[in-house]
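Here is a short guided tour to read alongside the sequence and the 3D view. Have the viewer open and follow along at your own pace.

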Amino acid sequence: MSEFWLISAPGDKENLQALERMNTVTSKSNLSYNTKFTIPDFKVGTLDSLVGLSDELGKVDTFAESLIKRMAQSVVEVMEDAKGKVQENLLANGADLTSFVTHFEWDMAKYPAKQPLVSIADTLAKQLAQIETDLKSRTAAYNALKTNLENLEKKSTGTLFTRTLSDIVSKEDFVLDSEYLVTLLVIVPKPSYVQWQKTYESLSDMVVPRSTKLIAEDNEGGLFTVTLFRKVIDDFKTKAKENKFTVREFYYDEKEIKREREEMTRLLSDKKQQYGPLLRWLKVNFSEAFIAWIHIKALRVFVESVLRYGLPVNFQALLLQPQKKSSTKRLREVLNSVFRHLDEVAAASILDASVEIPGLQLSNQDYFPYVYFHIDLGLLD
C-alpha cells in the first residue's frame with residue numbers, strides 16, 4: 001500500500017511495552033510493517049507558541065500535500081508521450097518515496113534543530129510557497145505553448161468541412177492574380193463523384209471546361225477544384241448547394257500559409273526546448289517539496305506529542321505501513337486497544353460506538369488516544 005500511519009506514544013516503560021505489544025500483534029497478523037521514526041530534540045518554547053504552531057503546521061501540511069500532488073500531475077502532463085516513466089521521475093533525494101519515508105532522517109544542515117520551532121516551520125512554509133510560485137509561472141508558460149500548438153494541430157484534423165486546407169492545397173491548384181477568373185474548392189460526397197463530373201460545367205454559365213481536379217479525400221467525400229468567371233460565383237454557389245455540393249470559403253494566400261507553417265515549426269521547436277528544462281525543474285523541486293512535507297510531518301508529531309503528553313519531552317514515534325487496505329480497520333482496533341490507557345474515556349468511545357458521552361463527539365477520523373498523522377503516497381490517484 002502507498003499509505004503510512006505516523007504515530008507516537010509516551011516514552012516511559014509502560015508505553016514502550018505497549019509499543020512492543022503492538023509490534024508483536026501487527027507483525028504476527030501481518031497488519032503492518034513498522035519502523036522507528038526518529039525526530040530530533042527541538043527547542044520546545046512556550047505552551048502558547050506550541051498551540052499556535054500546531055494550527056499553522058496543519059495548514060502548511062495541507063498546502064504541501066496539495067502542492068506535491070499538483071507537481072506530480074504536472075510531470076504526468078509534461079511526459080505525455082512517456083507516461084510509463086513518470087514514477088521514476090517522482091523521487092525524493094534520489095530514492096523512491098517509500099524508501100525515503102521509511103528511512104527518514106532530519107536534515108540538520110537545511111533545517112537546524114537548534115533553531116526555534118517557529119523559525120523552522122517558517123523556513124519550510126516559505127520554501128514551499130516559492131516552489132508553488134515558480135511552478136505556476138513555469139507551467140503556465142509551457143501550457144500556453146502547448147495549447148497554441150494543440151489549436152494549430154486541431155486545424156489539421158477533422159473533416160474537409162472544418163479542417164484547414166492550407167496544408168492540402170498548393171499554388172498550382174489555383175488560378176491566381178486573374179482579373180476575371182477564380183478557382184473555388186468544392187466538397188463533393190463520395191457517392192456523387194460521377195454526378196459532379198457530369199454536371200459541374202453546367203451548374204452556371206462561364207465555368208471553365210475540364211477545370212476540376214480531385215486534390216484531397218476523407219471518409220465522407222472529396223475536395224475538388226473548379227475554375228469559373230468571378231461574376232458567376234454567387235450563381236454557381238447557389239446551384240452547387242441545390243445539388244448537395246458544398247463550396248468551401250477559401251482564399252489562397254501564400255504568405256498566410258507560409259506564416260502558419262512557420263508558426264507550427266516554431267511552436268514545436270519551443271516546446272521541445274522547454275520540455276527538458278521544465279522536466280528537470282519538476283524533478284528537482286518535487287523532491288524538495290516532498291522532503292519538506294515529510295519534515296513538516298515530523299514537526300507535527302513533535303509538537304502534538306508535547307501538547308498531548310507534556311514535559312519533559314519523552315515520546316517514541318513510529319511509522320506504520322498497513323499491508324492491506326482490508327486490514328486497516330483491524331489495525332486501527334489494535335492501536336486503540338493497546339493505547340486506550342492514554343485516554344480511557346475517549347478510547348472507550350472509539351472502541352464502543354454505542355457509548356455516548358454528553359457534549360463529546362468522537363469518531364475514528366476525529367480523535368485517537370495516541371498522536372496520529374496520515375501520509376498518502378498515492379499522488380497520482
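The domain bounds used here come from an automatic or database domain assignment. Keep in mind, too, that this is a predicted model.

**Two domains**

The assignment splits the protein into domain 1, made of 3–149 + 268–376, and domain 2, covering 171–251. How far apart do the C-alpha centres of domain 1 and domain 2 lie? They are 68 Å apart.

**A four-stranded sheet**

Now look for the open sheet of four strands, whose order is 4-5-3-6 and whose pairing is antiparallel. Strand 4 (213–217) and strand 6 (246–248) form its edges; each has a single partner strand, so one side of each is left without a neighbour in the sheet. From one strand to the next, the twist averages 35°.

At one of these edges, strand 4 pairs with strand 5 (residues 221–229) in the antiparallel sense, over four bridges. A handy spot to check this is Leu 214, whose bridge partner in strand 5 is Phe 224.

Helix 6 (residues 233–242) lies across strand 3 (181–189), strand 5 and strand 6. Relative to strand 5, helix 6 runs at about 150°.

**Strand 1 and its partners**

Next, turn to strand 1 (residues 3–10). Is this strand mostly covered or mostly open? It is mostly covered, with eight of its eight residues buried. Strand 1 is joined by six bridges to strand 8 (residues 371–376), running antiparallel, and by six bridges to strand 7 (residues 315–322), again antiparallel.

As a reminder, strands of a sheet pair through backbone hydrogen bonds, either parallel or antiparallel.

The bridge partners mentioned so far, with those of strand 1 added, are gathered here:

| Residue | Bridge partner | Strand of the partner |
|---|---|---|
| Leu 214 | Phe 224 | strand 5 |
| Trp 5 | His 374 | strand 8 |
| Leu 6 | Leu 319 | strand 7 |

**A loop residue to visit**

Finally, find Asn 89 in the loop between helix 2 (47–78) and helix 3 (97–102). Is Asn 89 buried or exposed? With a relative accessible area of 9%, Asn 89 is buried, because the cut-off for that label is under 20%. Leaving aside residues up to four places away in sequence, Asn 89 touches Val 75, Met 79, Leu 279 and Lys 283.

How values were computed: Residues numbered from 1 in each chain as written. Predicted model: local features only at pLDDT ≥ 70, side-chain atom pairs only at ≥ 80, totals over all residues. Heavy atoms only, no water. Pairing = 2+ DSSP bridges. Helix = DSSP H or I, 4+ residues; strand = E, 2+ residues; numbered from the N terminus. Axes fitted to C-alpha atoms, helices over the stretch in contact; angles between N-to-C directions. Contact = heavy atoms within 4.5 Å. Buried < 20%, exposed > 50% of the residue type's maximum accessible area, 1.4 Å probe, protein only.
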